[in-house]
Amino acid sequence: MSVASEPTVVLDNRFARALPEMAVAWQAESAPALRLLVLNESLANELGLDATWLRSPDGLGLLSGTVVPDGATPVAQAYAGHQFGGYVPRLGDGRALLLGELVGADAGPRDLHLKGSGRTPFARGGDGLAVVGPMLREYIVSEAMHAMGIPTTRALAVVATGRDVRRETLQPGAVLARIAASHLRVGSFQYASAHAQAVGDIGLLRRLADHAIARHHPDAAHAANPYLALYQAVIAAQAELLAQWMLVGFVHGVMNTDNMTISGETIDYGPCAFMETFDPATVFSSIDHGGRYAYGNQPAVAAWNLARFAESLLPLLADDGDHAVELATGALHEFGPQFDAAWSAGMRGKLGLPADTDGQTARPLIEDLLVLLQQNQTDYTSFFRNLSRAARGETTLPAGFDEWLARWQALRPDAAAMDRVNPIYIPRNHLVEAALSAATDGDLEPVEHLMHALAAPYVERPGLERYAAPAPAGFGAYRTFCGT
């Protein structure tokens, strides 16, 4: 590893200092020929980073981990997790590195994290590398989520390494530079909890919880029971996040406990995609054979993950084990109502109904619509944009919706309000695949055009009709892969 002669970025190593038991000092693998594929200049500006410098050799070195500022201590983070329901006690950053926490950003400390930077002690037999397609997928989808106002980690850049990586075939290698409020996850607490059981000391677990409170939920520090308040804050954040996923038809695809953040940000855009034809059973992940993480199962899975979080926190919630379980159970019972309230409010917004619309009126209307959407195999995103046009008298809906439409129109929906919350441009699966395929072959223009459309998802613009259209009939069933 070389050291930049004139560091322009200050990286704190707060995580490694506070939690050394969960941080393994490591360095990225060298790369034969670094080349910038995409740089998120607006995010760089937001973070106070010089986009011109990031394009320089030292800047590309930072974005790939091969050149780091003096004093920075890159680490691979340790965590555990339930993967498809099965507990794995030692996962960790197998192909990733936390370079450090950016200081001075308006939004507070932000993690600068790499994905695909080489094998670490947590690699578990993997090669530690990544390829262009999946890294650009994370860039595209995370920025689309951000543009829709959904809490998410964000991609700062994707850098080609000049190294071919073997997957099903040889593919060009790449590294993703990711920005996050932090990379603390439910799996982090599972790891610390297992450590506490092994050594008979909850010191690490307590320090991790204190670190999470200070970083993400500082109000919890002033509560009568700070660790219960932390749990309640994470429940509330995840209830809101899951509602937003469901409202736009997002399917995460790999909702393991190590992919649920304490901050409430969406993380890990591996086998993810957006549902097109409405169907709660929609699954895109090639490895989700049983549909555990199907679109309609996501709220229940989130609650399951939060129950695992509670199990990790029990020693901190109360000295008496039964009382700790009682506190955790009571808090977890709030997830369902909180999710339902956020989702119901969002659906009323999608339908242009006033916020004070009576629940006995709105709920049957929403539930009946979802049945119709599934029965008619309707494109989820397009439907709501067409619905606002119907409210203006600019179009009609299919015959199967006539009775429902009359009930809805009697409530005098606000078409303009609908357009502010119903995206017209999402990362359509056929467009994403075409862009990734072209980029793998060296043509980044389709990615650039797609990103232009996704940057303003609620604003209809002439010339972008293809980015609002559903997949062609011949596109077929869609499957995504995690990229490892």
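# Exercises on a predicted model

Four of the five residues of strand 4 (residues 35-39) are buried, so this strand is largely enclosed by the rest of the structure. The model is a predicted one, and the exercises below walk through parts of it, beginning with that strand.

## Exercise 1: The partner of strand 4

Find which strand is joined to strand 4, and in which direction the two run.

**Solution.**
- Step 1. Look for the bridges: four of them join strand 4 to strand 11 (residues 154-166).
- Step 2. Read the direction: strands 4 and 11 run antiparallel.
- Step 3. Pick out a facing pair: V159 of strand 11 stands opposite L36.

## Exercise 2: A residue of strand 11

Decide whether V165 is buried or exposed, and list what V165 is in contact with.

**Solution.**
- Step 1. Place the residue: V165 belongs to strand 11.
- Step 2. Apply the cut-off: buried means under 20% relative accessible area. V165 has a relative accessibility of 1%, so it counts as buried.
- Step 3. Collect the contacts, leaving aside neighbours within four places in sequence: V165 is in contact with D127, L129, A130, V131, L170, Q171 and G173.
- Step 4. Try a long separation along the chain: V165 and H452 are 287 residues apart, and their C-alpha atoms are separated by 29 Å.

## Exercise 3: The nonpolar cores

Work out how many residues the largest nonpolar core has, and which residues have the most contacts inside it.

**Solution.**
- Step 1. Recall the general background: nonpolar side chains tend to be buried together in soluble globular proteins.
- Step 2. Take the size: the largest nonpolar core has 97 residues.
- Step 3. Find its best-connected members: F189, L351 and L387 have the most contacts inside this core.
- Step 4. Ask which element gives the most: helix 8 does, with 15 residues.
- Step 5. Zoom in on L387: not counting residues up to four places away in sequence, L387 touches L351, L397, W404, L405, W408 and M418.
- Step 6. Look apart from this core: another core has 30 residues, including V158, I424, M451 and Y467.

## Exercise 4: The enclosed spaces

Count the cavities of 30 Å³ or more, then describe the lining of the largest cavity and of the second largest.

**Solution.**
- Step 1. The count gives four cavities of 30 Å³ or more.
- Step 2. The largest cavity has a volume of about 70 Å³. It is lined by 14 residues, of which Q238, W245, M255, N259 and M260 are the closest to its centre.
- Step 3. Sort the lining of the largest cavity by type: six residues are nonpolar, seven polar and one charged.
- Step 4. Trace where that lining comes from: helix 8 (residues 226-248) supplies the largest share, four residues.
- Step 5. Move to the second largest cavity, which holds about 60 Å³ of space. Its lining includes E29, S30, L34, L129, R163 and V175.
- Step 6. Sort this second lining too: four residues are nonpolar, six polar and two charged.

## Exercise 5: Two residues, two surroundings

Classify R308 and E460 by relative accessibility, and name what each touches.

**Solution.**
- Step 1. R308 sits in helix 9 (residues 298-317). With 13% relative accessibility, R308 counts as buried.
- Step 2. Beyond its neighbours within four places in sequence, R308 is in contact with H82, Q190 and T257.
- Step 3. E460 is found in the segment after helix 17 (445-454). Its relative accessibility is 48%, so E460 counts as partly exposed.
- Step 4. Not counting residues up to four places away in sequence, E460 touches R385, R389, I424 and Y425.
- Step 5. Check one of these contacts by distance: E460 and I424 are 36 residues apart in sequence and 6.8 Å apart in space, C-alpha to C-alpha.

## Exercise 6: Positive phi in two loops

Find where R124 and R412 lie, and give the phi value of R124 and of R412.

**Solution.**
- Step 1. R124 is in the loop between strand 10 (110-115) and helix 5 (132-147). Its phi is near 50 degrees, a positive value in a residue other than glycine.
- Step 2. R412 lies in the loop between helix 14 (402-409) and helix 15 (415-421). Phi of R412 is near 55 degrees, again positive in a residue other than glycine.
- Step 3. Add the accessibility: R124 is exposed at 53%, and R412 counts as exposed at 72%.

Terms used. Residues are numbered from 1 along each chain as its sequence is written. This is a predicted model: local features need pLDDT of at least 70, side-chain atom pairs count only at pLDDT 80 or more; totals for chains, interfaces and linings use all residues. Side-chain values use heavy atoms; hydrogens and water are left out. On a 1 Å grid over the protein atoms alone, a cavity is a set of points where a 1.4 Å probe fits but cannot get out, and a pocket is an open set with protein on both sides within 12 Å along at least five of seven lines; lining residues have an atom within 4 Å of a point. Grid points are joined across faces, edges and corners, and a volume is the space filled by probe spheres set on the points. Ala, Val, Leu, Ile, Met, Phe, Trp, Tyr, Cys and Pro count as nonpolar, Asp, Glu, Lys and Arg as charged, and the others, Gly among them, as polar. Buried means under 20% relative accessible area, exposed over 50%, partly exposed in between (1.4 Å probe, protein chains only). Two strands pair if DSSP finds at least two bridges between them. A nonpolar core is a set of buried Ala, Val, Leu, Ile, Met, Phe, Trp, Tyr and Cys residues joined through side-chain atoms within 4.5 Å. Contact means heavy atoms within 4.5 Å.
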